[in-house]
Amino acid sequence: MGTTAKLTCLTLIAVLITTVEISAQSQGLDLKLDRDMVFLGDQDQFGQLTCRAKGNSVKLESFTVMWVNVTGETSDLVRVTSTKPSNRVSHSGILGNGTLENNSGYIFLDRLDADICDSSYFLCEAVFTKSSGESERAIATAWPRQPQTDRSDDAASNNSQHLAALEKRLENISEAFQMFNRSYMELMQTRQKEKLEQAQIMARLKNLEANMSVFNKSQSCDPCSNITRAVENLERRLKHLEKSNMTSEPPQVGTCVRGMNETVQLDYVITTDKTLGREILCDAQTDGGGWIVFQKRFNGSVNFTRGWDEYRDGFGALTGEFWLGNEAVHRLTNMADVYELRVEFTDIFDGQDYFAHYQTFKLGNESDNYRLLLGAVTSLVDESTGDSGLFYSNGSFFSTIDRDNDDSVLTCTDYNPGGWWYKSCFRSRLNDIYTDQGIGFGWYYTTITKWYSLIRTEMKMRPLKSN
């Protein structure tokens, strides 16, 4: 074979690939993403992707390379975290590895299909913690190459300038999105500044909508379709964040019972459960209401990477994201009443809401590792084969990062650190790490071989209706 010639995108910026480098020195972080094409002879060629990050005055928490394909769907290629500092990928011909150690991250992807490498949009994201304890992220991007055409030099120059303007607008939109997310979490933590911070969020949303309006009216060009789809994903996430936002505490009512939707107008209320002797969040509207919510996620503001004791006792706040606690769920589901279970989630890519309904639901006690016991399932997506979604975990024990009770030869919490009823590690995991892409591949249906990435999840239970 002939000599290998390596051509970098930076040296062919006019005809191949545009590589954007972000250097966040002011944030105490260096972040760089490079994309290369490797030619082996006349015909054989493939792409390579390299991302590097170094925390100077900040602590790196996670480091991810993501891919936006031609349909606009975004997926993680390689992800490393402080709790899982190394990772490898071998999928669809792509080889890669990543490490995160000594406050530095390195991800290398090899053997990328040349056409995919040329036409796709790649992101490299670093999540870091500042000395103040505040969590932030930085993103480096690699854009699709501009196709070669027979147009004049002036026309090509104009289109290049137009594409650069679109890239800048998308960067501004991403920054506006990050500002919104940070302000939202501050709003949940500091209720005294509620009205002022909510006004700031709405102002940023209006600014984002204005930027989007300008973007949508811009002259189209061949490389812009992937950018448009990526922006649509950002818009969809913002809408769900706004929909899930509780700007004040739900009111107190007497009891959480089926049929309360006839007298209660709000979606959620807080009541005190007599059995538990503590406050609970009650869904007052869905299918007649009366659902006790025991898991709720919608923006990633609460860390679900917790140990056994915290999952036993519960964590979070009823007005935001939370886990009620395995012991509380065990006590309620082992009373005289038989409980039913409803699991709801929203997929980030199609924006649709889905649910699975289980006719009976019960948790064992702590000595039984809070074993999951489910009855027959009905759902908007078929789960009847028993090897999909949560039903696949029926009869499984609960596992956490400090207590491995799964049935897999792997330790599932090494890959998915959120507590869950793992049988194998990947059929469902609603408590896994929440990123800008929600809970990636959080629910799987075998019958249609489809994964769902979840931007919103909610688990709730209520006593079965008596005959």
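User: Hi! Where is Val 409 in the chain?

Analyst: Val 409 lies in the loop between β21 (377-379) and α7 (412-415). Keep in mind that this is a predicted model.

User: Is Val 409 buried or exposed?

Analyst: Val 409 has a relative accessible area of 86%, so it counts as exposed, the cut-off being over 50%.

User: OK, and which residues make a nonpolar surface patch with it?

Analyst: Val 409 shares the patch with Leu 410, Tyr 415 and Phe 426. The patch covers about 400 Å².

User: New topic: how many aromatic pairs are there in the whole structure?

Analyst: A search finds 14 aromatic pairs. One of them is Tyr 311 with Phe 398, a tilted pair with 5.4 Å centre to centre and 55° between the planes. Tyr 311 belongs to helix α5 (residues 308-313), while Phe 398 is in the loop between β21 and α7, so the pair links distant parts of the chain, 87 residues apart.

User: Are those two buried or exposed?

Analyst: Tyr 311 is buried at 0% relative accessibility, and Phe 398 is buried with a relative accessible area of 0%.

User: Which aromatic cluster are they in?

Analyst: They belong to one cluster whose members include Phe 294, Phe 304, Trp 308 and Trp 421.

User: What sits over the ring of Phe 304?

Analyst: The charged end of Arg 297 does, 4.2 Å from the ring's centre. Over the ring of Tyr 392 you'll find the charged end of Lys 423, 4.8 Å from the centre.

User: Last one: what does the secondary structure come to?

Analyst: The chain has seven helices and 23 strands. Of its 467 residues, 51% count as buried.

Technical notes. Residues are numbered from 1 along each chain as its sequence is written. This is a predicted model: local features need pLDDT of at least 70, side-chain atom pairs count only at pLDDT 80 or more; totals for chains, interfaces and linings use all residues. Side-chain values use heavy atoms; hydrogens and water are left out. Patches are made of residues with over 30% relative accessible area and no salt bridge: like charges are joined within 9 Å, nonpolar side chains (Val, Leu, Ile, Met, Phe, Trp, Tyr) within 5 Å. Accessible areas come from the Shrake-Rupley method with a 1.4 Å probe; for residues, only the protein chains shown count as cover. A salt bridge is a side-chain nitrogen of Lys or Arg within 4 Å of a carboxyl oxygen of Asp or Glu. Helices (H or I, at least four residues) and strands (E, at least two) are DSSP runs, numbered from the N terminus. Buried means under 20% relative accessible area, exposed over 50%, partly exposed in between (1.4 Å probe, protein chains only). Rings of Phe, Tyr and Trp (its six-membered ring) pair if their centres lie within 6.5 Å; planes under 30 degrees apart count as stacked, over 60 as edge-to-face and the rest as tilted. A charge sits over a ring if NZ of Lys or CZ of Arg is within 6 Å of the ring centre and within 35 degrees of the ring normal.
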